[in-house]
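Work through the exercises below with the structure in view. Try each task before you read its solution.

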Amino acid sequence: MARNKAHTNEDIDEECIFCLITNDRDTETDVIKRSKDLVCFRDICPAAPHHYLVVPKEHIHSCCSLNRKHISLVEQMIELGKDVLREQGVTDMMDVRLGFHKPPFISVGHLHLHVLAPSSKLSKSFEYKFMPGTDSFVTTECLMKHLQKIPPPSLLSLGKCLKLLRQQLPKWT
């Protein structure tokens, strides 16, 4: 499957529900907002009164698949998530949690940003899943710091890049 070209039917992983949603091939999901490269919809198992997922149309496995060239994508995901919160009436942007689950704690193998508000009203039964500083959840701030530390891909061999990611994974807190 091609990963870096325009989004066509050839880019869709037919077994990935998020690929189907982002390409209008799922009739049950209500998309709240979309841009050229992103789609936002409600999480099917909300952990907060406002719990949305921002998903790129490009099939990227997880936040561990990202590198420096994806900084702009993550910034766009954050902005779209915040826009949706504002449009849904959320006014206290200090009581918001934005972040990604890290493998093996991902439910769908397609990059997705969790947008939760108010974070002070996270469901007690799900609070552990969205706890910053844990092995399972990385905030957007921590991810961005991590991505900025990764040398551009042209300077690293694939093996060195994977080794660096494995070394940094536990340090994202």
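**Exercise 1. Which residues does T139 touch, leaving out those up to four places away in sequence?**

Solution. This is a predicted model.
Step 1. Leave out residues up to four places from T139 in sequence; its contacts are then L98, G99 and P132.
Step 2. Place the residue: T139 lies in strand β6, residues 137–139.
Step 3. Take G99 from the contact list. T139 and G99 are 40 residues apart in sequence, yet their C-alpha atoms are 4.0 Å apart in space.

**Exercise 2. Decide whether T139 is buried or exposed.**

Solution.
Step 1. Recall the cut-off: buried means under 20% relative accessible area.
Step 2. Read the value for T139, which is 11%.
Step 3. T139 therefore counts as buried.

**Exercise 3. Find the strands that pair with β5, and give the sense of pairing.**

Solution.
Step 1. Start with strand β3, residues 50–56. It pairs with β5 in the antiparallel sense, over five bridges.
Step 2. Pick a bridge on this side: Y52 has V115 of β5 as its partner.
Step 3. Turn to strand β4, residues 97–101. Its pairing with β5 is also antiparallel, over three bridges.
Step 4. Pick a bridge here too: G99 is partnered by H114 of β5.
Step 5. Link back to the opening exercise: G99 is also one of the residues that T139 touches.

**Exercise 4. Describe how β5 is covered, and which way its residues point.**

Solution.
Step 1. Strand β5 spans residues 113–117, and five of its five residues are buried.
Step 2. Sort by direction. L113, V115 and A117 point one way; H114 and L116 point the other way.
Step 3. Combine the two: the residues pointing either way from β5 are all buried.

**Exercise 5. How many disulfides does the structure hold? Classify C40 and C142 by accessibility.**

Solution.
Step 1. A disulfide is a covalent bond between the sulfur atoms of two cysteines.
Step 2. The count for this structure is zero.
Step 3. C40 has 0% relative accessibility, so C40 counts as buried.
Step 4. C142 is at 23%, and therefore counts as partly exposed.

**Exercise 6. Summarise the whole chain.**

Solution.
Step 1. Count the elements: four helices and six strands.
Step 2. Put them in sequence order: α-β-β-β-α-β-β-β-α-α.
Step 3. Check burial: 43% of the 173 residues count as buried.
Step 4. Check contacts with a separation of 6 or more. Residues 24 or more positions apart account for 62% of them.
Step 5. Check the surface: the chain exposes about 9400 Å², with 52% supplied by carbon and sulfur atoms.

Terms used: Residues are numbered from 1 along each chain as its sequence is written. This is a predicted model: local features need pLDDT of at least 70, side-chain atom pairs count only at pLDDT 80 or more; totals for chains, interfaces and linings use all residues. Side-chain values use heavy atoms; hydrogens and water are left out. Buried means under 20% relative accessible area, exposed over 50%, partly exposed in between (1.4 Å probe, protein chains only). Two strands pair if DSSP finds at least two bridges between them. A disulfide is a pair of cysteine sulfur atoms within 2.5 Å. Contact means heavy atoms within 4.5 Å. Accessible areas come from the Shrake-Rupley method with a 1.4 Å probe; for residues, only the protein chains shown count as cover.
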